[in-house]
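Okay, thanks for coming, everyone. Let me put the structure up on the screen, and then I'll walk you through it.

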Amino acid sequence: MRAVVVGCGYVGIELASQLADRGHAVTGVRRSDAGIDAIGEVGERVDGDGAVDAIRADATDPPSLDALPDADAIVFAASSGGRGAEAAREVYVDGLRNVIEEYAARSSSPDRLVYTSSTGVYGDHDGGWVDEETPIDPTTEKTRVLAEAERIALEAAGDAGIGGTVARFAGLYGPGRYRLERYVEGPVTAGYLNMVHRDDAAGAIRHLLETDRARGEPVVVVDDEPVDKHAFADWLADECGVPRPEKRSKAERIAAGDLSAAAERRIRTSKRCSNDRLRALGYEFDYPTFREGYRDAVRSFRATRE
């Protein structure tokens with residue numbers, strides 16, 4: 001398989017590594033020198049018959065997309081860099097459409113496209129379970145942008161003859177993104193954590209591409225166990241050998257009066273995401289829960305305190 005990963009960043013680099021190690025040819029697409037260098041480092045350590053190379057292009061700059069090679073599969077994992085809704089629209093909606101149009105105009109177009117979205121499109125479910133059958137209810141400007149991009153990934157790609165899949169990621173964690181201090185130092189506000197380790201986020205996409213499953217549909221990418229934040233914080237503190245942190249209810253945190261509207265909205269939003277569909281599609285997790293996923297981070301934390 002020839003795959004192009006547009007926005008080959010945190011998850012994309014791991015995806016490129018996994019695909020190449022299994023014999024696939026991957027082109028990672030970034031727009032910065034640092035991004036190009038990071039992809040190059042992956043290419044140098046490929047352990048298999050595959051290959052990884054890097055191309056500089058920008059999904060928001062259509063002429064630059066001429067440089068993208070033909071491919072069997074496209075993964076659109078570009079990031080807006082945590083900026084506002086307008087920046088998100090430029091990347092997720094306009095950029096995704098640009099990439100689809102670029103490939104649709106070619107004599108040889110991809111067979112598959114995976115767009116990486118977020119479980120944020122579900123909105124608030126008061127701690128209830130959500131899955132692929134649950135109607136999405138984006139409640140912020142940014143999640144409405146993500147929902148629009150999902151439609152483009154499925155409908156516009158389909159109209160171009162490209163089988164689209166939406167991978168709805170839960171909260172990503174892993175190397176460089178464990179954020180232990182946030183939980184072991186506290187205070188920790190009540191709610192649920194829906195998480196997926198970076199390696200499994202990449203692994204799920206790899207699995208969907210290699211097995212050619214989930215065409216024309218969304219798939220929730222989350223581990224086996226959404227966890228109460230207070231319970232997670234206590235577990236993490238115990239594993240790290242430090243005192244359990246201070247806890248706050250949602251009402252207490254909101255009453256403090258120092259939250260932005262967006263932060264308060266996040267605190268009020270609560271749901272538990274199911275991975276039954278991803279499991280049914282045959283994906284096996286390397287890190288099925290936070291217990292396995294945080295093992296290395298806990299070991300490193302304890303080592304620094306010895």
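So, let's start with E4 and strand E5, which covers residues 112-118: the two pair in the parallel sense, over four bridges. If you want a spot to look at, find phenylalanine 76, which stands opposite tyrosine 115 in E5. And please keep in mind that this is a predicted model.

Now follow E4 over to E1. Those two also pair in the parallel sense, again with four bridges. Here valine 4 has isoleucine 74 in E4 as its bridge partner. E1 has a link to E2 as well: the two run parallel and are joined by five bridges. In that pairing, alanine 3 is matched with valine 26 in E2. How does the chain get from E1 to E2? It goes through helix H1, residues 10-21, and this β-α-β crossover is right-handed.

How much of E1 is buried? Four of its five residues are, so call that strand mostly covered.

Okay, zoom out. What's the strand order in the whole sheet? It's E3-E2-E1-E4-E5-E7-E12, an open sheet of seven strands with parallel pairing. At the edges you find E3 and strand E12, residues 217-221; each has a single partner strand, so one side of each is left without a neighbour in the sheet. From one strand to the next, the twist averages 20°. And a general reminder about what holds this kind of thing together: strands of a sheet pair through backbone hydrogen bonds, either parallel or antiparallel.

Next, a couple of helices. Helix H2, residues 33-44, lies across strand E2 (25-30) and E3, and runs at about 170° to E3. Helix H4, residues 141-159, packs on the sheet too, touching E5, strand E7 (163-169) and E12. The direction of H4 makes about 165° with that of E5.

Last topic: salt bridges. How many are there? The count comes to 27. I'll just show you a few.

One of them is aspartate 72 with arginine 2, where the closest N and O atoms are 3.3 Å apart. Aspartate 72 sits in the loop between strand E3 (51-56) and strand E4 (73-76), while arginine 2 is in strand E1 (residues 2-6), so this pair ties together parts that are 70 residues apart in sequence. Buried or exposed? Neither, really: aspartate 72 counts as partly exposed at 30% relative accessibility, and arginine 2 counts as partly exposed too, at 38%.

Then look at aspartate 234 and lysine 247, with closest N and O atoms 2.6 Å apart. Aspartate 234 is in helix H7 (residues 229-240) and lysine 247 is in strand E14 (residues 247-248), so to speak two distant parts of the chain, 13 residues apart. Aspartate 234 has a relative accessible area of 15%, so it falls under the 20% cut-off and is buried. Lysine 247, at 28% relative accessibility, counts as partly exposed.

Right beside that in the numbering, glutamate 246 forms a salt bridge with arginine 248, and there the closest N and O atoms are 4.0 Å apart. Arginine 248 counts as partly exposed, at 25% relative accessibility. Elsewhere, salt bridges that share partners join Arg89, Glu148, Arg151 and Glu155 into one network.

That's my tour, so over to you for questions.

Technical notes:
Residues numbered from 1 in each chain as written. Predicted model: local features only at pLDDT ≥ 70, side-chain atom pairs only at ≥ 80, totals over all residues. Heavy atoms only, no water. Salt bridge = Lys/Arg side-chain N within 4 Å of Asp/Glu carboxyl O. Buried < 20%, exposed > 50% of the residue type's maximum accessible area, 1.4 Å probe, protein only. Pairing = 2+ DSSP bridges. Axes fitted to C-alpha atoms, helices over the stretch in contact; angles between N-to-C directions. Contact = heavy atoms within 4.5 Å. Right-handed = clockwise from strand over helix to strand, strands pointing away.
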